[in-house]
Each structure stands twice: as C-alpha cells, then as structure tokens.
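The following report walks through selected local features of one structural model, from strand residues and backbone geometry to a pocket, paired charges and a surface patch.

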Amino acid sequence: MPVALWRAGLLLCFLSFCAGLEEECVLGVLGRPVILPCLYPKLLSFVNFTIEWRRGDEVVLRSVWELNKKVEELSVNSATISSDAAMTGNFSLELPTVDLQEYKMNYSLFIISEEDHKAALCTVCLMLAASFSSPLLQREEAAHGGETAFLCHSTGGFPEPAVHWLINHTEEPPEGSVRTQAASLPDSHLYNITSHLMVNISKDSIVSCTIENLPMNETMTSTSYGTQGSPVAGRASEAMWIFSTALSAVVGVMVVAGVAYQIHLDRISKRKKKEFQASTRGYKRRYPNTEESEAITTQSMETDV
C-alpha cells in the first residue's frame, strides 16, 4: 500500500511538472501592463536559489533568493515578480507595458539551484492586440441610377481585423462588390483598415460597416441610414419640436397672465378715481358757501386797493 501511494504521488508530481512546462498564451494589450503566470509550489522547499525570466535567449529578470528572501533583483524595462514569491510559489512575471516587438514571443522561467542545475519551469507565449478606432462610414449617392459608393475607415488597431457589410440589417452585399485594404504603419506596426463597397441600391437603403477584432473580442459598427435619416437625428428633431411647443405654451401663458394683470390694474385705477370723485362731491355739499365767501373776500380786497 505505501508503495502504491508513493507511485501515485510520483505520477502526480510528474504530471504537475509537465503542466508547468506546457506552453500557454496570454493576451496583452499594447501600452498596458500584462502578467505572465507561473505557479511553481515546488520552490517552497528551496532555501537558496536564483531564477531567471527569459524572452527567447535574453534575460529580462534575474532574482536571487536566500532563506526565502529576495536579496537581489535585476530586470529589463522594470519587469517584476512578487516579493513573497518564495512563500507562495507564485513566480508570475509582470511587465509594465508591452509593444509589438514582443508579439508571439516566448517567455520562460528558469531556476538555477546550488548545484548549478538549470531547468525551465514555465513557458508562456505573449499574444498582443490593440483596439481600432470607431469606423467612419461615408456615403456617395449614385448619379442617374448608377452604383452607390461607401467608404469605411478605421485606424490604429492590431491585428488585422475582419470587415463585414450589411444592407438593410440582414442582406450581405453581392460578391465582388467589396474591396478591403489593410495598411501596416511603419513606426508602430498598427493597422489602418479601409473598405470600399460599390452597390446598386435605393437611396433609402440602410448600410452598415462592422470592424471585428477577434483577439480583443471587440465589434464596432457604423451605419448609414440614407434619406430616411438617422434615428438619433429623428429623436433630436422630435425633442426639439417638443421643446419649441412647450416654450410656445409657456410664452402664451405668460402673455395671458400679463394681460389679466393689466386689466386688474386698470380696474383698481378706475375704482380709485370714482372714489376720489365721489369724495369731492361730498365735500362740496357739506360746505356750499365756501366758494361764494372766497369770491366776496377777493372783491373786497380789490375795492380797498
């Protein structure tokens, strides 16, 4: 029984070691950090050792450990591993950024033991991708019943994408009507994609162009709605009509309120005028001889003079 258990354990160790050597691929996005995974718990039993991460034959990181502590580390382009890797067995390599020069490059982790024995523990291939810009779709209507031309353009992505055209959401364009060109930029090696569609369709037909970047799992679509107009523009026009109607209603209410207030002021003014006239007539009735006495006084003063 102990022999059987020992054989089973040995088989498991062998399988785990083979799994560690098995190559796997990791997708990195251009200009962003990426982690190349490598879990190797067997190093937990080591006390003093040195590891190297290599890109092909180039050493990108060398780390020296003594008593499970990292005492020295040299790296290229700020590549790092965890400071507690010897305690966890996680020797994954973190790259702060990646560029297209590393596309499909293999990274391998090696251990250099006290006996100067070198063995590859993990091998990881690095795949790269970059997002394309949202496609720009241009439409040139045909003259005299000829073919309508469409131009779909997207820039700055990687790898070369797939381009799909649809007419009225479901119909694929006729064979031979699409011509697509991908241009690799000399400095960055990113792609600019341009696709042309020439097709005989009505002016109100809806045509869409889709850029599909499979590694990034990204799909971007641009649509030309013809003479029917864009739904966004239609919603904007409808919103503008609602706004103008509401504004007109508010202005109408304000005008009516202003007229009503002016009528109210006129009524108050007329009422006060009538009250004043009524009070004046009452004063005259209470003092009827006031004017006559004032006239006699004036005449006497003139006679004296």
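## Local features of the model

Thr 148 has a relative accessible area of 1% and is therefore classed as buried. The model in which this residue is seen is a predicted one, and the values that follow are computed from it. Thr 148 belongs to strand β10, which covers residues 148-157, and its C-alpha atom lies 8.1 Å from that of Leu 197, although the two residues are 49 positions apart in sequence.

A second strand residue gives a contrasting case. Thr 219 is part of strand β15, which runs over residues 218-224, and it counts as exposed because its relative accessibility is 54%, where the cut-off for that class is over 50%. Between Thr 219 and Ala 162 the C-alpha to C-alpha distance is 9.6 Å, with a separation of 57 residues in sequence.

### Backbone geometry in the loops

The loop between β10 and β11, the latter spanning 162-167, contains Pro 159, and the peptide bond that joins Phe 158 to Pro 159 is cis, with an omega of about -5°. In the loop between β11 and β12 (178-184) lies His 169, a residue other than glycine whose phi is nevertheless positive, near 75°.

Lys 104 likewise is not glycine and has a positive phi, near 60°. Its place is the loop that connects β6 (93-95) with β7 (105-112), and with a relative accessibility of 53% Lys 104 is classed as exposed. Val 98 is also found in the loop between β6 and β7, yet Val 98 counts as buried because its relative accessibility is 3%. Along the chain Val 98 is 67 residues from Gly 31, while the C-alpha atoms of these two residues are separated by 5.5 Å.

### The second largest pocket

Val 98 is also one of the residues that line the second largest pocket, for which the computed volume is about 170 Å³. Which other residues take part in this lining? Val 98 is joined there by Leu 95, Pro 96, Thr 97, Asp 99, Gln 101, Glu 102 and Tyr 107, as well as by Arg 55, Val 60, Val 76 and Asn 77. By residue class, the lining of this pocket comprises six nonpolar, three polar and three charged residues.

### Salt bridges

Side chains of opposite charge can pair when their charged atoms come close. In this model six salt bridges are found, and three of them are set out below with the distance between nitrogen and oxygen and the relative accessibility of each partner.

| Salt bridge | N to O distance | Accessibility of the Arg or Lys | Accessibility of the Glu |
|---|---|---|---|
| Arg 55 and Glu 58 | 2.7 Å | Arg 55, 16% | Glu 58, 36% |
| Lys 70 and Glu 73 | 3.0 Å | Lys 70, 30% | Glu 73, 28% |
| Arg 139 and Glu 141 | 2.8 Å | Arg 139, 21% | Glu 141, 34% |

Glu 52, Arg 54 and Arg 62 are joined into one network by salt bridges that share partners. Arg 55, which appears in the table as the partner of Glu 58, also contributes to the lining of the second largest pocket. With a relative accessibility of 16%, Arg 55 falls in the buried class, whereas Glu 58, at 36%, is partly exposed. In the pair formed by Lys 70 and Glu 73, Lys 70 is partly exposed at 30%, and Glu 73 is partly exposed at 28%. For the remaining pair in the table, Glu 141 counts as partly exposed at 34%, and Arg 139 counts as partly exposed at 21%.

### A nonpolar patch on the surface

How much accessible area do the residues of the nonpolar surface patch have together? The patch is formed by Phe 243, Leu 247, Val 251, Val 255, Val 259 and Ile 263, and their accessible area together is about 540 Å². One of these residues, Phe 243, is located in helix α3, which covers residues 231-286. Phe 243 counts as exposed because its relative accessibility is 53%, the class being defined by a value over 50%.

Conventions:
Residues numbered from 1 in each chain as written. Predicted model: local features only at pLDDT ≥ 70, side-chain atom pairs only at ≥ 80, totals over all residues. Heavy atoms only, no water. 1 Å grid on protein atoms, 1.4 Å probe; cavity = no way out; pocket = protein on both sides within 12 Å on 5 of 7 lines; lining within 4 Å. Points joined across faces, edges and corners; volume = space filled by probe spheres on them. Nonpolar A, V, L, I, M, F, W, Y, C, P; charged D, E, K, R; others polar. Patch = residues over 30% accessible without salt bridge, like charges linked within 9 Å, V, L, I, M, F, W, Y side chains within 5 Å. Areas by Shrake-Rupley, 256 points an atom, 1.4 Å probe, with all protein chains shown as cover. Salt bridge = Lys/Arg side-chain N within 4 Å of Asp/Glu carboxyl O. Helix = DSSP H or I, 4+ residues; strand = E, 2+ residues; numbered from the N terminus. Buried < 20%, exposed > 50% of the residue type's maximum accessible area, 1.4 Å probe, protein only.
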